[in-house]
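Trainee: I am new to this structure. Could you walk me through it, one question at a time?

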Amino acid sequence: MAEVLVYVDHVDGAVRKPTLELLTLARRIGEPVAVALGNGASDTVAILAEHGAVKVLTHEAAEYADYLVVPKVDALQAAHEAVSPAAVLVSSSAEGKEIAARLALRLGSGIITDAVDLEAGDEGPVATQSVFAASYTTKSRVSKGTPVITVKPNSAAVEAAPAAGAAEALSVTFSAQATGTKVTARTPRESTGRPELTEAAIVVSGGRGVNGAENFAIIEALADSLGAAVGASRAAVDAGWYPHTNQVGQTGKSVSPQLYIASGISGAIQHRAGMQTSKTIVAVNKDAEAPIFDLVDYGVVGDLFDVVPQLTEEIKSRKG
């Protein structure tokens with residue numbers, strides 16, 4: 001069976017959930033070969049093997065932390081030359097998509113971004129995408145070179161599938177461009193105790209209808225009762241009610257949780273582009289004609305200041 005390269009997204013050896021989802025998808029089309037780079041790469045081997053990696057290629061060097069993107073592209077290119085894979089899978093984060101695009105250009109290969117499913121095909125992997133504000137679902141494959149595919153988080157379940165996980169050192173020669181953009185400083189993000197927005201299984205978002213920064217406490221209370229991440233529409237962010245890091249939409253972050261709850265959000269195309277692939281969508285809006293209701297699985301026509309607190313209390317009471 002052909003091997004499939006999976007780029008490992010980790011922080012000092014702690015593997016992030018989207019990578020484990022990629023391993024689930026990779027097993028559908030071949031044998032997963034994980035590529036772990038940077039500080040703590042060797043610490044990822046055990047969990048990657050537990051989730052199906054038959055081999056783990058590791059390389060630790062200061063360049064991965066000190067410089068942006070290009071050293072990782074150099075390493076993936078080296079892994080491609082060593083393995084000759086049937087496909088390369090990368091998580092659809094902002095950095096992941098830049099890495100994938102640069103790699104595809106170097107390989108002279110086609111690229112598919114923001115896939116939500118993957119299956120084996122007679123002529124190579126077939127990717128499913130949700131496009132035009134979820135109006136269409138497309139299936140496509142790369143017709144030239146090694147397919148480079150980025151996959152949205154929450155597109156597959158994390159499944160344990162113990163494999164050999166043989167660790168091998170990857171030989172990497174960095175290009176002249178690798179040191180072109182240096183990281184000069186880092187500021188740790190203040191922890192909220194909530195899940196990362198793009199990886200969360202549940203997202204609760206507020207929009208213009210929240211009507212003020214102080215009222216986002218209602219949205220946060222519902223999110224905390226569900227163990228969810230908090231999102232915001234562009235209107236709420238532009239008004240200064242919530243940080244841009246939490247913006248969901250075309251000019252913010254793209255999310256694909258199991259459950260998305262939109263409160264006081266009209267459903268403009270800009271917002272829909274960032275959450276349309278959510279598995280189940282619930283909206284609370286007092287305007288029965290709001291466009292968001294064309295997209296949802298469940299809709300509540302009502303004042304969010306009445307509905308959301310009641311929902312929060314009901315969830316808390318059921319949890320006991």
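Trainee: How many of the 13 residues of helix 1 are buried?
Mentor: This is a predicted model, where local features need pLDDT of at least 70, side-chain atom pairs count only at pLDDT 80 or more, and totals for chains, interfaces and linings use all residues. Residues are numbered from 1 along each chain as its sequence is written, and side-chain values use heavy atoms, with hydrogens and water left out. Helix 1 spans residues 17–29 (helices, H or I, at least four residues, and strands, E, at least two, are DSSP runs numbered from the N terminus). Counting as buried what has under 20% relative accessible area (1.4 Å probe, protein chains only), helix 1 is mostly covered, and the number is ten.

Trainee: Which strands does helix 1 touch in the sheet that has the order 7-11-6-1-4-5-12?
Mentor: That sheet is open, with seven strands in parallel pairing (two strands pair if DSSP finds at least two bridges between them). Its twist averages 25° from one strand to the next (axes are lines fitted to C-alpha atoms, for helices over the stretch in contact, and angles run from 0 to 180 degrees between N-to-C directions). Helix 1 packs on this sheet at about 170° to strand 1. With contact meaning heavy atoms within 4.5 Å, helix 1 touches strand 1, strand 4, strand 6 and strand 11.

Trainee: Which residue of strand 11 stands opposite Val 88?
Mentor: Strand 6 (residues 87–91) and strand 11 (residues 148–151) run parallel and are joined over four bridges. Opposite Val 88 stands Val 148.

Trainee: Which element gives the largest share of the lining of the largest cavity?
Mentor: On a 1 Å grid over the protein atoms alone, a cavity is a set of points where a 1.4 Å probe fits but cannot get out, and lining residues have an atom within 4 Å of a point. Among the lining residues are Pro 18, Glu 21, Leu 22 and Leu 25, and Pro 18, Glu 21, Leu 22 and Leu 25 are also buried in helix 1. The largest share, four residues, comes from helix 1.

Trainee: Why is one side of strand 14 and of strand 17 left without a neighbour in the sheet?
Mentor: The second sheet is open too, with five strands in the order 14-13-15-16-17 and parallel pairing. Strand 14 and strand 17 stand at its edges, so one side of each has no neighbour there: each has a single partner strand.

Trainee: Which residue of strand 17 is the bridge partner of Val 282?
Mentor: Strand 16 (residues 280–285) pairs with strand 17 in the parallel sense over four bridges. The partner of Val 282 is Tyr 298.

Conventions:
Buried < 20%, exposed > 50% of the residue type's maximum accessible area, 1.4 Å probe, protein only. 1 Å grid on protein atoms, 1.4 Å probe; cavity = no way out; pocket = protein on both sides within 12 Å on 5 of 7 lines; lining within 4 Å.
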